[in-house]
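Here are some notes for a colleague who is about to read this model. The points go from single residues to one chain and then to the meeting of two chains.

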Number of protein chains: 4
Amino acid sequence: MNIEVKKESLRRLAIAQGHLQKVREMVEDEEYCPDIIHQSQAVQSSLKKIDQIILEGHLDCCVLANINAPKAKKEKLIKEIVDLFDKNGK
Amino acid sequence: MNIEVKKESLRRLAIAQGHLQKVREMVEDEEYCPDIIHQSQAVQSSLKKIDQIILEGHLDCCVLANINAPKAKKEKLIKEIVDLFDKNGK
Amino acid sequence: MNIEVKKESLRRLAIAQGHLQKVREMVEDEEYCPDIIHQSQAVQSSLKKIDQIILEGHLDCCVLANINAPKAKKEKLIKEIVDLFDKNGK
Amino acid sequence: MNIEVKKESLRRLAIAQGHLQKVREMVEDEEYCPDIIHQSQAVQSSLKKIDQIILEGHLDCCVLANINAPKAKKEKLIKEIVDLFDKNGK
């Protein structure tokens, strides 16, 4: 795993953990249900973003390492895949 | 918030927090990227399930409390909404 | 089904059918794969929007018809449910 | 585009078009709203499956064509990506 991907993922995971703890506290405090669900959905969006960062790193360092293609073209191909992944399920 | 909904949500949230901590450890240990993403997606599924439990409770106690309809019909209507919510985005 | 919901749904369904036909033509013409998938995802987004319009109408006319609550509060409750539905899976 | 991918995509697209026409007829006939939404969600699932077939073909023929790796490993990498894509948003 690329060091940048690792660092950025861990930074975002720490934030997501804080937000998930907040969801728990909102349930403990019996806050308004739709507000709790919104907070939970925000955590899910954060995790999906982390997935994409990890996938992009994976495609780059593990999948496409050996392609004999110009750098710009490889980057375009990777971006396209990640973009599709991003939009899936929306 | 219904006491059963609260209890079940907190129980599932505690498990989700454990699984999210596991994702973090997998990144720290630089485990295989697709395995990490699978673990993260499992956390997201758990949170989505919790959202549905909370939504169902909300529709029951807050939204539909005053409907002058037989219990069976109200339950059916709620189930239908939650079922749709469940399938959305899949 | 409310006449406005019916009319708006049919209008949007006709457009979605046109866009799905376009997806088919793109495959026939062997256009660039990511472009085809983007077009397909646009059709899926259109259908999801139609689902929300129909769900909102359903909650309004069938589920909440008998609630003895002020109009503004009912509208707020419906909007919240639809908003949650909208965000699910993104 | 691979001939098998093209053929299978067109076959599935024709079916999806038939099911979308059915959604339209259900709205015209004012059938029960949750039934209509279920039918619409089935169309969306079909389109998502078609997207995956096209993406898999794309990764195979366009992205990974030049990798100097054993066939089995390349297939495994592709399957993993498509599997992640499949689970995204569920």
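1. A residue is called buried when 20 or more other C-beta atoms lie within 10 Å of its own, exposed when there are 12 or fewer, and partly exposed in between. With 16 other C-beta atoms within 10 Å, D:Asp60 is therefore partly exposed. This residue belongs to helix H2 of chain D, and its C-alpha atom is separated by 9.4 Å from that of D:Asn2, although the two are 58 residues apart along the chain. Please keep in mind throughout that the model is a predicted one.

2. The loop between helix H1 (3-28) and helix H2 (33-63) of chain B holds B:Glu30, whose phi is near 55°, a positive value in a residue other than glycine. Most residues other than glycine have a negative phi. Because B:Glu30 has 13 C-beta neighbours inside 10 Å, this residue counts as partly exposed.

3. In chain D, the loop between H1 and H2 contains D:Glu30, and there too phi is near 55°, positive in a residue that is not glycine. D:Glu30 has 13 other C-beta atoms within 10 Å and is therefore partly exposed. In chain A, A:Glu30 follows just after H1(A) and takes a positive phi of about 50°.

4. Which secondary structure does chain A contain? Chain A has 3 helices and 0 strands, and read along the sequence it follows the pattern α-α-α. Buried residues make up 37% of its 90 residues. Of the contacts in chain A with a separation of 6 or more, 58% are between residues 24 or more positions apart.

5. Helix H1 of chain A, residues 3-28, can be checked against the expected rise: at 1.5 Å a residue its 26 residues should span 38 Å, and its end C-alpha atoms are 38 Å apart, which agrees. The buried residues of H1(A) are A:Val5, A:Ser9, A:Leu13, A:Ala16, A:Leu20, A:Val23, A:Met26 and A:Val27.

6. How many residues of chain D are in contact with chain C? There are 30, and they meet 30 residues of chain C. On the chain D side, helix H1 (3-28) and helix H2 (33-63) each supply at least two residues, and H2(D) gives the most, with 16 residues. The residues of that side divide into 16 nonpolar, 8 polar and 6 charged.

7. Chain D is superposed on chain C by a rotation of 180° with 0.0 Å of shift along its axis, at an RMSD of 0.0 Å, and that is the relation of a two-fold axis. Since 100% of the interface residues of chain D are also interface residues in chain C, the copies meet through the same surface.

8. Within this interface, H1 of chain C (residues 3-28) and H1(D) pack at an angle of about 170°, with their axes 10 Å apart. Angles over 145 degrees count as roughly antiparallel, and H1(C) and H1(D) are therefore roughly antiparallel to each other. Among the residues that meet are C:Leu10, C:Leu13 and C:Leu20 in H1(C), and D:Leu10, D:Leu13 and D:Leu20 in H1(D). The charged residues in this contact include C:Lys6, C:Arg24 and C:Glu28 together with D:Lys6, D:Arg24 and D:Glu28. By class, the residues of the contact of H1(C) with H1(D) divide into 12 nonpolar, 4 polar and 6 charged.

Technical notes. Residues are numbered from 1 along each chain as its sequence is written. Chains are lettered from A and ligands numbered from 1 in the order in which they are written. This is a predicted model: local features need pLDDT of at least 70, side-chain atom pairs count only at pLDDT 80 or more; totals for chains, interfaces and linings use all residues. Two residues are in contact if their C-beta atoms, placed from the backbone, lie within 7 Å. Helices (H or I, at least four residues) and strands (E, at least two) are DSSP runs, numbered from the N terminus. Copies are superposed by least squares on the C-alpha atoms of residues with pLDDT of at least 70 in both. The expected span of a helix is 1.5 Å times one less than its number of residues. Axes are lines fitted to C-alpha atoms, for helices over the stretch in contact, and angles run from 0 to 180 degrees between N-to-C directions. Angles under 35 degrees count as roughly parallel, over 145 as roughly antiparallel, 65 to 115 as roughly perpendicular and the rest as oblique.
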